[in-house]
Amino acid sequence: MAVAALITWLVTAVAGFVMLGQWVSRGGHRPGSGTRLAPGLVFTHFALAAVGLVVWIVYLVADKAALAWVAFVLLLPVELLGFTMLARWIPARRSGTAESRFPAPVVVGHGLFAAATVVLVLLAALGVGGS
């Protein structure tokens, strides 16, 4: 489970980087850009997910159960922030904002792999399937 969680987390991160790169390159992070995704929301989502991924990698190396739980707890606000951004992105798809050109398959894939990651991290933290 733990390695599967790492793989899904990495796939999720790649899709997230694609969207983050597009958003930044189109000026979404600049004041007055008209974006529906506040920079604090986007960068907090990114930072917590990145910290969680690092904690997960350390967990895989150290095999300390507490680290698996820390990574899981970090994923909870990441998940909430992600749902918030999705809710703001849906009506913005045709708005001409920085996020309006996110490819829908990338958004959907990011969400599906993120959901799988949360489940796999929880299962690994619970000790299902070994570490």
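In this predicted model, the largest nonpolar core comprises 18 residues, and Trp9, Trp56 and Val121 have the most contacts inside it. Four helices contribute to this core, with at least two residues each from α1 (2–25), α2 (39–62), α3 (65–92) and α4 (104–125). Val121 offers a handy vantage point: leaving aside residues up to four places away in sequence, Val121 touches Ala5, Trp9, Trp56, Ala68, Ala71, Phe72 and Leu75. Apart from this core lies another, of 12 residues, which includes Met19, Val42, Trp89 and Ala98.

Helix α2 is worth following along its length. Its 24 residues reach 34 Å from the first C-alpha to the last, close to the 34 Å expected at 1.5 Å a residue. The buried residues of α2 are Leu41, Val42, His45, Ala49, Gly52, Leu53, Val55, Trp56 and Tyr59, and their cover includes α1, α3 and α4. Of these buried residues, Trp56 is among those with the most contacts inside the 18-residue core, while Val42 belongs to the core of 12 residues. Just after α2, Asp63 adopts a positive phi of about 55°.

A charged residue also deserves a look. Glu99 sits in the loop between α3 and α4 and is buried, yet has no salt bridge. The nearest side chain of opposite charge belongs to Arg36, 5.6 Å away; because a salt bridge requires a nitrogen–oxygen distance within 4 Å, this pair does not qualify. The side chain of Glu99 instead makes a polar contact of 2.5 Å with that of Thr35. Beyond residues up to four places away in sequence, the surroundings of Glu99 consist of contacts with Trp23, Thr35, Arg36, Leu37, Trp89 and Ala92; of these, Trp89 is also part of the 12-residue core.

Conventions:
Residues are numbered from 1 along each chain as its sequence is written. This is a predicted model: local features need pLDDT of at least 70, side-chain atom pairs count only at pLDDT 80 or more; totals for chains, interfaces and linings use all residues. Side-chain values use heavy atoms; hydrogens and water are left out. A nonpolar core is a set of buried Ala, Val, Leu, Ile, Met, Phe, Trp, Tyr and Cys residues joined through side-chain atoms within 4.5 Å. Buried means under 20% relative accessible area, exposed over 50%, partly exposed in between (1.4 Å probe, protein chains only). Contact means heavy atoms within 4.5 Å. Lys and Arg count as positive and Asp and Glu as negative; His and the chain ends are not counted. A polar contact is a pair of N or O atoms within 3.5 Å; within protein, one must be able to donate a hydrogen and the other to accept it, and residues adjacent in sequence count only if both atoms are side-chain atoms. The expected span of a helix is 1.5 Å times one less than its number of residues.
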